[in-house]
Amino acid sequence: GESGPGEPAPYDEATPPLLGGAMELRPQAAGEPRAGSHVWSLGRAAHLAEAVPPPASSRSAPRAMEPPPLPPPPLLLPPCGWQLAWRADMGKCVDASPVLACRVSGDPQRHSVTAFVGSHAGLLQALDLCSGAVLWSAQLPDRLEASCAISHRGDVVLVGCHDASLYALCAHSGAQLWAYQAHGQIKASACCLPAPAA
């Protein structure tokens, strides 16, 4: 029967959808026994092409597709010379990337960047990025294979250790704040999220 207002139009089940073809809606063919003025059926795109001829303007010979425009040339930078600025002795190999913490103050001359990095020797160091000076060192019981994580306020450094513990250290002094026993070696960085608002 006819579909009422707000009701979906019935579908023609005579031509069920075929897998692997693009699905299109087509009007029900004239003379089919279904009643109603708003009847549609699902079929393949080929059915729609057979039922509705293309407009005359689209019957011309197909045109070759124009290639997409070329991207702009890469920015050419002048060559720069790489020089060793400083080095830090971490005792053993370093597997994880350093984590950088930027401290911004009202005076641009007082801006600073600290690099936190750990090694297989269990050594965690905070280094001044500009000078390489050791700001503090902390010796943990086992090797460190994951990068540190910094709290959202920048005052706590979290690092996982192979002794199955997650350590929290003061970002300013390196003093241990607490340790959490994870019951397994930690090889990934912690994820720090701010506390939800009350």
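Which residue in the turn of the hairpin formed by strand 5 and strand 6 has a positive phi? The residue is Gly-132, with a phi of about 80 degrees, and the hairpin has five residues between its two strands. Before this hairpin is followed further, the basis of the description should be stated. The structure is a predicted model, in which local features need pLDDT of at least 70 and side-chain atom pairs count only at pLDDT 80 or more, while totals for chains, interfaces and linings use all residues. Residues are numbered from 1 along each chain as its sequence is written, and side-chain values use heavy atoms, with hydrogens and water left out.

The protein chain contains one helix and 10 strands. Here helices (H or I, at least four residues) and strands (E, at least two) are DSSP runs, numbered from the N terminus. Read from that end, the order of the elements is β-β-α-β-β-β-β-β-β-β-β. Of the 198 residues in the protein chain, 26% are buried; buried means under 20% relative accessible area, exposed over 50%, and partly exposed in between, with a 1.4 Å probe and protein chains only. The protein chain exposes about 14,200 Å², of which carbon and sulfur atoms supply 59%. These accessible areas come from the Shrake-Rupley method with a 1.4 Å probe, and for residues only the protein chains shown count as cover.

The opening hairpin can now be described in detail. Strand 5 covers residues 123-128 and strand 6 covers residues 134-139; the two run antiparallel and are joined by five bridges. Two strands are said to pair if DSSP finds at least two bridges between them. Leu-123 has Gln-139 in strand 6 as its bridge partner.

Strand 6 also takes part in the one aromatic pair that a search of the whole structure finds. The ring centres of Phe-116 and Trp-136 are 5.9 Å apart and the planes stand at 45 degrees, so the pair is tilted. Rings of Phe, Tyr and Trp (its six-membered ring) pair if their centres lie within 6.5 Å; planes under 30 degrees apart count as stacked, over 60 as edge-to-face and the rest as tilted. The pair links distant parts of the chain, since Phe-116 lies in strand 4 (residues 112-118) and Trp-136 in strand 6, 20 residues apart. Both Phe-116 and Trp-136 are buried.

Further along the chain, four strands form an open sheet with the order 7-8-9-10 and antiparallel pairing. Its edge strands are strand 7 and strand 10 (176-181), each of which pairs on one side only. Strand 7 (residues 149-150) pairs with strand 8 over two bridges, and Ile-150 has Val-157 as its bridge partner in strand 8. The hairpin of these two strands has five residues between them, and Gly-154 takes a positive phi near 80 degrees.

Strand 8 (residues 156-160) is mostly covered, as five of its five residues are buried. In a regular strand the side chains alternate between the two faces of the sheet. In strand 8, Val-156, Leu-158 and Gly-160 point one way, whereas Val-157 and Val-159 point the other way.

Strand 8 pairs with strand 9 (residues 165-170) over five bridges in the antiparallel sense, and Gly-160 has Leu-166 as its bridge partner in strand 9. Four residues lie between these strands in their hairpin, where Ala-164 in the turn has a positive phi of about 75 degrees. Strand 9 is in turn joined to strand 10 by five bridges, and the two run antiparallel. Here Ala-168 stands opposite Trp-178 in strand 10.
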